[in-house]
Each structure stands twice: as structure tokens, then as C-alpha cells.
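Student: I would like a close look at one part of this protein. Please pick a single strand and take me through its surroundings.

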Amino acid sequence: MIKASQLQADTAVFSMTVGAGDYYLGKVSAGQTFRILDLEGNQAADTLFYSAANPSERYSATDTIREQGNVYLTAGSILRSNENRAMLEIVADTCGRHDTLGGACATESNTVRYDLEKRCMHACRDSWMLAIAEKPEYGLSKRDISHNINFFMNVPVTEAGGLSFADGISAPGKYVELKALMDIYVLISNCPQLNNPCNAYNPTPIQYLVWDDINEYV
Ligand SMILES: [Zn+2]
């Protein structure tokens with residue numbers, strides 16, 4: 001569902017550009033809203049969410065899909081934890097559909113899907129591992145790398161029930177916006193993948209912006 005945001009970039013309390021192949025790890029508080037902006041289009045933002053109070057409670061694709069009865073995520077989707085609690089709500093979305101089935105790219109999957117020589121290529125899982133190693137204060141470890149969301153990525157479910165990586169449906173300036181329903185750690189890998197069309201074979205930067213409780217501005 002396409003739903004535009006009323007929030008203006010100049011009222012954001014935090015904004016940063018995440019380069020192609022880089023990660024972002026940070027905290028948003030309950031009530032804050034953040035936006036992931038696809039600056040140049042057809043990029044994939046492979047994202048994990050954790051409860052800041054207890055990071056062993058984390059985003060669960062299975063709980064989210066079961067409760068909403070839909071495999072795709074868009075405006076109105078409630079993202080649920082492995083304890084089936086509401087973590088975040090997608091409150092705006094100008095792309096229209098996001099994947100949570102395809103998983104993130106890893107050196108192992110690059111090897112299986114593409115070629116043995118792809119093993120040394122940078123993958124999202126590497127970026128997540130780098131994030132948890134460089135920021136130990138978040139208390140995350142390898143076992144916390146679990147279900148993820150691929151914002152802006154187009155992974156249609158085929159009639160036969162399979163998955164296909166299709167050309168992106170995002171475009172320059174499209175965004176998704178989420179409101180935190182609890183204190184959340186956000187871990188984004190801005191996907192470096194070069195072997196499938198999830199980012200048009202050309203990884204590009206994204207922008208990450210945060211607003212305080214929007215009621216302050218109305
Ligand atoms: Zn990736």
C-alpha cells in the first residue's frame with residue numbers, strides 16, 4: 001500500500017547517509033519514527049531489529065507473516081518479535097512492498113547461487129558481523145543474526161511457491177518509514193550484492209533519518 005509521510009527532513013533529529021556496502025547500528029526509542037530512503041533507487045536495505053531492553057527478543061518473520069496473513073510488508077504492517085509482541089509499525093511506504101522471505105546475502109549463499117569464486121565477495125552477513133564486532137556495547141553476538149527484512153527488495157513468490165529475485169520496484173527517492181512501539185536496536189546492512197538484481201548490480205547509498213514523537217510537531 002502506497003502511503004506518503006507528512007514528516008519533513010528538516011525536522012529530523014538525526015540523519016546520516018549509509019554508503020553502499022556499509023552498515024548502520026543504532027537505537028530508536030519507543031515513539032520515534034525513522035525513515036530509510038532509497039537515494040538512487042533499486043537498492044536493498046537488509047535490516048534486523050532487536051528489543052533494546054533484551055536483544056534476545058528480536059524481529060520474527062514467521063510471527064509477523066502469520067499475524068498479518070501476508071508474506072509481503074508494507075504500510076500498516078506490524079513487525080512482531082519472536083515473543084509475538086509488536087515491535088514496530090510501517091507507517092509510510094512509497095515503494096509498496098518489501099521482502100522478508102529471501103534472507104540476506106552471505107558468502108555461503110553467493111557460492112551456492114552463483115560461483116565458487118564469489119565466495120570472497122562482500123555480503124550483508126559480513127556487514128552485520130562487522131557491526132556487532134565493532135559495537136560490543138549493543139550486546140549482540142553471532143547467534144542474534146536471525147530473520148531479516150529486505151527493504152525495497154522485490155522477491156515475488158511464484159505460483160509454484162518458489163521465490164525469485166526480480167528487478168526492483170523501488171526508484172530514486174522512495175522510502176519506508178517505521179514507528180518504534182518499543183525501544184529498538186536497528187541494524188541495517190546496505191547490501192553490497194553484485195550478482196543479482198536486488199540493487200540493480202550497482203549498490204548505492206541510502207539515507208537514514210529519525211524523528212521524535214510526531215505528536216510534537218502537530
Ligand atoms: Zn545483501
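Tutor: Here is a walk around strand β3, followed by a second sheet and the whole chain.

The model is predicted. Strand β3 spans residues 33–38. How many of its residues are buried? The count is 6 of 6, so β3 is mostly covered, where buried means 20 or more other C-beta atoms within 10 Å of a residue's own.

Take the two faces in turn. In a regular strand the side chains alternate between the two faces of the sheet. On one side of β3 sit Thr 33, Arg 35 and Leu 37. On the other sit Phe 34, Ile 36 and Asp 38. All of these are buried, and both faces of β3 are covered.

Now the pairing partners. Strands of a sheet pair through backbone hydrogen bonds, either parallel or antiparallel. Strand β8, residues 174–180, runs antiparallel to β3, and 6 bridges join them. Within that pairing, Ile 36 has Val 176 of β8 as its bridge partner. Strand β10, residues 206–211, also pairs with β3. The sense is again antiparallel, over 6 bridges. Here Arg 35 stands opposite Leu 209 of β10.

Next, the second sheet. It is open and holds 4 strands, in the order β2-β9-β4-β7. Its pairing is antiparallel. The edges are β2 (23–28) and β7 (149–151), each of which pairs on one side only. Neighbouring strands are turned by 25° against each other on average, direction ignored. Strand β4 covers residues 45–51 and is joined to β7 by 3 bridges. In this antiparallel pair, Ala 45 has Phe 151 of β7 as its bridge partner.

Step back to the chain. The protein has 10 strands and 3 helices. From the N terminus on, the order is β-β-β-β-α-β-β-α-α-β-β-β-β. An unreviewed UniProt entry annotates residues 17–184 as "domain: DUF1989". That stretch is 26% strand and 15% helix. Its end C-alpha atoms are 20 Å apart.

Finally, the overall form. The C-alpha trace spans about 55 × 35 × 35 Å along its principal axes. A compact globule of 218 residues would have a radius of gyration near 17 Å; the protein has 16 Å, which agrees. Buried residues make up 39% of the 218. Of the contacts with a separation of 6 or more, 76% join residues 24 or more positions apart.

Definitions and conventions: Residues numbered from 1 in each chain as written. Predicted model: local features only at pLDDT ≥ 70, side-chain atom pairs only at ≥ 80, totals over all residues. UniProt positions renumbered as here; feature names shortened; annotations may be inferred. Helix = DSSP H or I, 4+ residues; strand = E, 2+ residues; numbered from the N terminus. Buried ≥ 20, exposed ≤ 12 C-beta atoms within 10 Å, placed from the backbone. Pairing = 2+ DSSP bridges. Axes fitted to C-alpha atoms, helices over the stretch in contact; angles between N-to-C directions. Rg over C-alpha atoms; globule rule 2.2 N^0.38 Å. Contact = placed C-beta atoms within 7 Å.
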